[in-house]
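Here are my notes for a colleague who is looking at this structure for the first time. They are best read with the sequence and the 3D view side by side.

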Amino acid sequence: MITLSINGQQRQFSSNMSVSNLLDELALAGKRVAVELNGDIVPRSQHAETYLADSDQLEIVVAVGGG
């Protein structure tokens, strides 16, 4: 079990996962998002290879388009 802080809210997950797996879990896969992990931006090209650890802090921002 790992605990992550996502946008200020504590969430628990059953196993270690990558940023990409987390976005799938949160139904954000394929959306335009910016991910900050422990104060550093994670480029989209590194989502699949960046693994999360217990107590990591994430900020996830979803881009919303419109006119």
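1. A fair place to begin, in what is a predicted model, is the pairing of β3 with β5, which runs in the antiparallel sense over 5 bridges. Within this pairing, Ala 34 is the residue that stands opposite Val 61 of β5.

2. Strand β3 is also joined to β4, a strand made of residues 40-42, through 3 bridges, and these two strands again run antiparallel. Here Glu 36 stands opposite Ile 41 of β4, and in the hairpin that the two strands form, with 2 residues between them, Asn 38 takes a positive phi near 50°.

3. The two faces of β3 deserve separate attention, since Val 33, Val 35 and Leu 37 make up a covered face, whereas Ala 34 and Glu 36 make up an uncovered one.

4. Val 35 is also listed among the residues with the most contacts inside the largest nonpolar core, a set of 17 residues in which Leu 4, Ile 6, Leu 22, Leu 52, Leu 58 and Ile 60 are named alongside it. The elements giving two or more residues to this core are β1, α1 (19-25), β3 (33-37) and β5 (57-62). In soluble globular proteins, nonpolar side chains tend to be buried together.

5. Ile 6 shows some of these links in detail: leaving aside neighbours within four places in sequence, Ile 6 is in contact with Arg 11, Phe 13, Leu 22, Leu 26, Leu 58 and Ile 60.

6. Ser 5, which lies in strand β1 (residues 2-6), counts as buried because its relative accessible area is 9%, under the 20% cut-off. Beyond its neighbours within four places in sequence, Ser 5 is in contact with Gln 10, Asp 56, Gln 57 and Leu 58.

How values were computed:
Residues are numbered from 1 along each chain as its sequence is written. This is a predicted model: local features need pLDDT of at least 70, side-chain atom pairs count only at pLDDT 80 or more; totals for chains, interfaces and linings use all residues. Side-chain values use heavy atoms; hydrogens and water are left out. Helices (H or I, at least four residues) and strands (E, at least two) are DSSP runs, numbered from the N terminus. Buried means under 20% relative accessible area, exposed over 50%, partly exposed in between (1.4 Å probe, protein chains only). Contact means heavy atoms within 4.5 Å. A nonpolar core is a set of buried Ala, Val, Leu, Ile, Met, Phe, Trp, Tyr and Cys residues joined through side-chain atoms within 4.5 Å. Two strands pair if DSSP finds at least two bridges between them.
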